[in-house]
Amino acid sequence: MSRRWTTTAAVTLLALAALACEGGSGGGIGQPSGAPTPPPSARPDLPASMAALGDSITTGFGTCLVLSNCQRNSWSSGDGLRVDSHYRRLLEANPAIRGNGHNQAAAGARARQLPEQATAAVNAKADYVTVLIGANDACRGRIEDMTEVTDFRSEVDRALAVLKQGRPKARVLMVSIPDLYRLWEIGHPETQVVRVWNRGICPALLANPTSTADADVSRRSLFRARIDAYNKQLVAACKAYGSRCRSDGGAVHRVRFSLDMLNRLDYFHPDVDGQNKLAEVTWGASGFSG
């Protein structure tokens with residue numbers, strides 16, 4: 001082997017080594033095209049902790065094939081892969097929130113349980129709180145058993161006072177109650193749906209679902225009016241809270257959902273598609289959507 005060939009080879013190897021080092025430095029032309037994107041850094045303008053308050057809609061009830069809570073599929077704080085929840089959307093932009101999506105909602109909860117849930121949110125040091133409450137205040141055995149509008153507002157105000165005192169800088173999203181009357185509109189012509197409802201699902205609205213008797217028509221109208229009254233109070237309570245509270249402006253109530261967005265076990269609670277729709281509609285009102 002000639003001395004000239006050896007020298008040339010050595011120079012070539014050194015040049016290749018230099019290029020390799022430059023490529024591995026993470027900058028310039030030499031960066032490998034397949035290099036992983038570095039994870040986003042924490043953003044102080046986004047919440048590092050959140051809490052979901054409310055009832056079985058927010059617990060993801062019935063989305064895991066059985067009639068029980070399934071919090072991973074919650075539109076608000078869910079961490080499962082099937083629902084693009086507020087928590088998952090925030091996590092994508094702010095890794096500091098990882099593991100800090102707290103679901104304080106409870107199946108069957110009414111407005112009177114909201115202050116206790118708010119206390120749990122304060123204890124969790126939530127920077128962002130979603131509130132969706134009221135369906136169970138209306139879904140009683142009889143119209144006479146529905147929560148009075150003044151009592152409903154009083155309990156919501158008590159819960160908001162807990163949040164304001166304990167987490168004054170937290171942002172609150174007040175979500176409107178879905179249009180439960182639409183459940184009856186789209187479901188009562190379906191035999192299977194009626195059969196399920198007759199097991200005792202929301203009697204104040206869904207008892208005798210196919211009846212056209214004056215008493216049943218009147219009962220449904222009163223139910224519908226009570227939901228509208230609750231929603232007006234939710235907007236008013238949020239406005240009274242101040243600039244840290246945002247209302248969805250009735251966005252959820254306006255959703256024209258279909259039976260395909262309800263679980264097949266009770267035809268009342270949202271399924272995964274319904275939870276995704278809730279997340280999509282409310283995210284625009286959260287103030288974090290950009």
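# Notebook: helices, core, strands and two buried side chains

**Entry 1: two helices.** I started with helix α6 (residues 180–187) and helix α9 (residues 214–241), which pack at an angle of about 145° with their axes 8 Å apart. This is a predicted model, so I read every value as computed from it. I then asked which residues make up the contact: Leu180, Tyr181, Trp184 and Glu185 come from α6, and they meet Arg220, Phe223, Arg224 and Ile227 of α9. Sorted by class, the contact between α6 and α9 holds five nonpolar and three charged residues, and no polar ones.

**Entry 2: the core.** Next I looked up the largest nonpolar core, which has 71 residues. Which members touch the most others? They are Val156, Leu163, Leu180 and Phe223. Helix α9 supplies the largest share of this core, with seven residues. Two names were already in my notes, since Leu180 and Phe223 also belong to the contact of α6 with α9. A general reminder to myself: in soluble globular proteins, nonpolar side chains tend to be buried together.

I followed Phe223 a little further. Leaving out residues up to four places away in sequence, Phe223 touches Ala138, Cys139, Ile143, Met146, Leu180, Cys202, Ala204 and Leu205.

**Entry 3: strand β3.** How many residues of β3 (residues 128–132) are buried? I found five of its five, so by the under 20% cut-off on relative accessible area the strand is mostly covered. I also checked where the side chains go: Tyr128, Thr130 and Leu132 point one way, Val129 and Val131 point the other way, and all are buried. That fits the textbook picture, in which side chains of a regular strand alternate between the two faces of the sheet.

β3 has partners too. Strand β1 (residues 50–54) pairs with β3 in the parallel sense over five bridges, and strand β4 (residues 171–174) pairs with β3, also in the parallel sense, over four bridges. Thr130 was a handy marker here: Ala52 stands opposite Thr130, and in β4 the bridge partner of Thr130 is Leu173.

**Entry 4: Asn103.** I moved on to Asn103, which lies in strand β2 (residues 101–103). Is Asn103 buried or exposed? Its relative accessible area is 12%, under the 20% cut-off, and therefore Asn103 counts as buried. I wanted to know what its side chain does there. The side chain of Asn103 reaches the backbone oxygen of Thr58 at 3.1 Å, and a polar contact of 3.2 Å joins it to the side chain of Ser77. Beyond its neighbours within four places in sequence, Asn103 is in contact with Ala52, Thr58, Thr59, Gln71, Ser74 and Ser77. Ala52 is the residue I had met opposite Thr130 of β3.

**Entry 5: His269.** My second polar stop was His269, in the loop between β5 (245–247) and α10 (272–286). With a relative accessible area of 8%, His269 is buried. Its side chain makes a polar contact of 2.5 Å with the side chain of Asp266. Setting aside residues up to four places away in sequence, His269 touches Ser56, Ile57, Phe61, Met261, Leu262 and Asn263.

**Entry 6: the whole chain.** I finished with the totals. The protein has 10 helices and five strands, and buried residues make up 46% of its 290 residues. Of the contacts with a separation of 6 or more, 72% are between residues 24 or more positions apart.

Terms used
Residues are numbered from 1 along each chain as its sequence is written. This is a predicted model: local features need pLDDT of at least 70, side-chain atom pairs count only at pLDDT 80 or more; totals for chains, interfaces and linings use all residues. Side-chain values use heavy atoms; hydrogens and water are left out. Axes are lines fitted to C-alpha atoms, for helices over the stretch in contact, and angles run from 0 to 180 degrees between N-to-C directions. Contact means heavy atoms within 4.5 Å. Ala, Val, Leu, Ile, Met, Phe, Trp, Tyr, Cys and Pro count as nonpolar, Asp, Glu, Lys and Arg as charged, and the others, Gly among them, as polar. Buried means under 20% relative accessible area, exposed over 50%, partly exposed in between (1.4 Å probe, protein chains only). A polar contact is a pair of N or O atoms within 3.5 Å; within protein, one must be able to donate a hydrogen and the other to accept it, and residues adjacent in sequence count only if both atoms are side-chain atoms. A nonpolar core is a set of buried Ala, Val, Leu, Ile, Met, Phe, Trp, Tyr and Cys residues joined through side-chain atoms within 4.5 Å. Two strands pair if DSSP finds at least two bridges between them.
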